[in-house]
Amino acid sequence: MRDIVLLFCTRSLRLFAFGLVSVILVFFLTERGFNTTQVGWLLTLTLLGDAVISLFLTTRADRWGRRKTLVISGFLMVAAGLTVVLTGNFWLLAVAMTIGVISPTGNEVGPFLAVEQAALAHVVENHRRTHYVAWYNVVGFSATALGALFGGVLSSLWQRKGVPPLLSYEWLFWCYAGVGLALIALSTRLSEAVEVEHVPRTGRNLMAQWTGLHESQSVVLRLSGLFALDAFSGGFIVQSILAYWFYLKFGATNLELGGLFFATNILSGISALVAVPLAKRYGLIDTMVFTHLPSNFILLAVPLMPNFRLAAGLLLLRHLISQMDVPARQSYVMAVVPPGERSAANGITATVRSLGAGFAPSLAGALLAIPSLVNAPIYLAGGLKIIYDLALYRSFRHLTPPEETAIKARAEQHT
């Protein structure tokens with residue numbers, strides 16, 4: 001139980017810190033004197049660097065040690081926070097933000113998530129895994145929201161008291177680096193139970209040696225391809241794109257959009273929790289597919305609505321069920337790979353999702369600029385997600401997690 005508490009604490013602290021600086025990161029960089037082009041490059045390098053570092057560390061975490069990998073990740077977070085505060089040199093910042101761990105979006109970046117979830121799955125019973133993964137997501141969502149709130153409020157209060165804007169932002173980055181130190185300390189307190197015994201491999205498969213995947217290589221690669229498709233389609237309807245679509249379509253105000261997306265995030269958190277009893281009753285794959293499919297048909301209907309209220313109502317209805325697949329998906333990945341390959345599997349699937357999602361927003365932006373194609377991003381997102389759901393069900397409906405296999409076996413004995 002101590003390891004579970006520690007993992008939830010590190011998740012909460014980290015997402016709070018990510019939310020804390022995500023709100024002020026662009027303002028901080030512009031106060032440093034960088035132009036918007038330079039800021040854009042820094043943010044791009046940050047996202048790409050986080051993906052590369054995450055892939056490198058997570059594919060080795062089960063061999064090097066999960067605690068050691070989390071400690072290294074904490075040091076990268078501290079290094080990035082301190083460098084941002086201590087230098088105004090563009091190239092030094094570019095290196096620090098590429099190698100270090102900073103989240104421009106407030107969401108998870110770096111290797112933490114993949115390694116922590118692998119450790120969590122290792123210390124809980126199989127039949128309780130989805131329950132803990134769901135709450136792990138809810139805790140992260142709540143911490144990010146609180147961090148973003150504190151980042152905005154604190155910087156505003158300090159500036160009203162006469163603190164220069166640049167200094168107020170620097171104080172927040174000192175807090176960010178301090179959270180990194182706390183993560184290092186907490187990670188060292190994790191017990192040996194979170195580790196997996198490493199079995200030396202003598203095969204000549206270079207891909208297996210590089211990725212850390214041996215028995216699960218085929219499964220993870222197939223899942224990664226499908227998850228990349230899902231993430232790519234989701235990239236057409238990221239929050240900023242949807243907000244702009246509502247403005248173009250219905251002339252929605254900032255106040256209306258703020259209220260709408262606050263509500264969608266709250267419903268997403270509730271949605272993740274509802275996945276637990278559904279997965280227990282119907283199985284992880286069925287929960288992933290048969291909650292995701294109707295949500296995507298609802299998405300396709302949003303552009304057909306005649307006014308903002310009806311369109312927003314449909315979007316809220318979609319978010320009430322659209323995130324049920326997230327804890328089910330994460331739990332499924334950890335269920336169908338050997339314990340010694342979970343960190344690598346989590347890292348690879350998360351990285352391809354990040355890369356997949358990164359290409360779509362620019363395409364969506366180009367479509368929104370053409371009046372006759374203003375609805376195209378939503379139709380593309382919904383249509384591609386439906387293809388993903390059907391392909392996932394066809395490919396993996398027969399690959400059952402161990403706990404579901406045991407339940408089915410007991411049911412057959414009673415009949």
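What follows is a short tutorial dialogue on reading this predicted model.

Q: Let's start with the big picture. How many helices and strands does the chain have?
A: A good habit is to list the elements before looking at any residue. Here the chain has 19 helices and 0 strands.

Q: And what does the radius of gyration say about the chain?
A: The idea is to set the value beside what a rule gives for a globule of that length. For this chain the radius of gyration is 22 Å, close to the 22 Å from the globule rule for 415 residues, so the chain is as compact as a globular protein of that length. If you'd like dimensions, the C-alpha trace spans about 70 × 55 × 40 Å along its principal axes.

Q: What share of the contacts join residues at least 24 apart?
A: For this, you take contacts between residues at least 6 apart in sequence and ask how many reach further along the chain. In this chain, 83% of them join residues at least 24 apart.

Q: How much of the chain is buried, and what does its surface consist of?
A: Buried residues make up 50% of the 415 residues. The accessible surface comes to about 18700 Å², and 67% of that belongs to carbon and sulfur atoms.

Q: Why look for nonpolar cores at all?
A: Because in soluble globular proteins, nonpolar side chains tend to be buried together. In this model the largest nonpolar core has 48 residues, and Met77 and Phe173 touch the most other members. The elements giving two or more residues to this core include α1 (2–22), α5 (66–86), α8 (129–160) and α9 (165–188). Helix α1 gives the most, with 9 residues. Apart from this core lies another one, of 27 residues, with Phe246, Leu260, Leu299 and Ile378 among them.

Q: Can we zoom in on methionine 77? Which helix is it in, and is it buried or exposed?
A: Sure. Methionine 77 lies in helix α5. Its relative accessibility is 0%, and since buried means under 20%, methionine 77 counts as buried.

Q: Which residues is methionine 77 in contact with?
A: A handy trick is to leave aside the neighbours within four places in sequence. Then methionine 77 has contacts with Ala17, Phe18, Val101, Phe112, Tyr176, Val179, Gly180 and Leu183. Take leucine 183: it is 106 residues from methionine 77 along the chain, yet their C-alpha atoms are separated by 9.3 Å.

Q: Let's try threonine 264. Where is it, and which residues does it contact?
A: Threonine 264 sits in helix α13 (residues 254–282). With 2% relative accessibility, it counts as buried. Beyond its neighbours within four places in sequence, threonine 264 is in contact with Leu315, Leu316 and His319. You can also check its C-alpha distance to arginine 318, which is 8.8 Å, with the two positions 54 residues apart in sequence terms.

Q: And leucine 154?
A: Leucine 154 is found in helix α8. At 25% relative accessibility, it counts as partly exposed, because that class lies between under 20% and over 50%. Its C-alpha atom is 9.3 Å from that of tyrosine 169, a residue 15 places away in sequence.

Q: How do I check the length of a helix, say α18?
A: Work out the span expected at 1.5 Å a residue, then compare it with the distance between the end C-alpha atoms. The 21 residues of helix α18 (residues 376–396) should span 30 Å, and its end C-alpha atoms are 30 Å apart, which agrees. For helix α14 (residues 284–301), the 18 residues should span 26 Å and the ends are 27 Å apart, which agrees too.

Q: How many residues of helix α16 are buried?
A: Counting the buried residues shows how far a helix is covered. In α16 (residues 325–335), 11 of the 11 residues are buried, so this helix is largely enclosed by the rest of the structure. Among them are Asp325, Arg329, Tyr332 and Met334.

Q: How many disulfides are there, and how far apart are the cysteine sulfurs?
A: A disulfide needs two cysteine sulfur atoms within 2.5 Å. This structure holds 0 disulfides. For cysteine 9, the nearest cysteine sulfur is that of cysteine 175, 18 Å away. Cysteine 9 is partly exposed, with a relative accessible area of 34%, and cysteine 175 is partly exposed at 40%.

Technical notes: Residues numbered from 1 in each chain as written. Predicted model: local features only at pLDDT ≥ 70, side-chain atom pairs only at ≥ 80, totals over all residues. Heavy atoms only, no water. Helix = DSSP H or I, 4+ residues; strand = E, 2+ residues; numbered from the N terminus. Expected span 1.5 Å × (residues − 1). Core = buried A, V, L, I, M, F, W, Y, C linked by side-chain atoms within 4.5 Å. Buried < 20%, exposed > 50% of the residue type's maximum accessible area, 1.4 Å probe, protein only. Rg over C-alpha atoms; globule rule 2.2 N^0.38 Å. Contact = heavy atoms within 4.5 Å. Areas by Shrake-Rupley, 256 points an atom, 1.4 Å probe, with all protein chains shown as cover.
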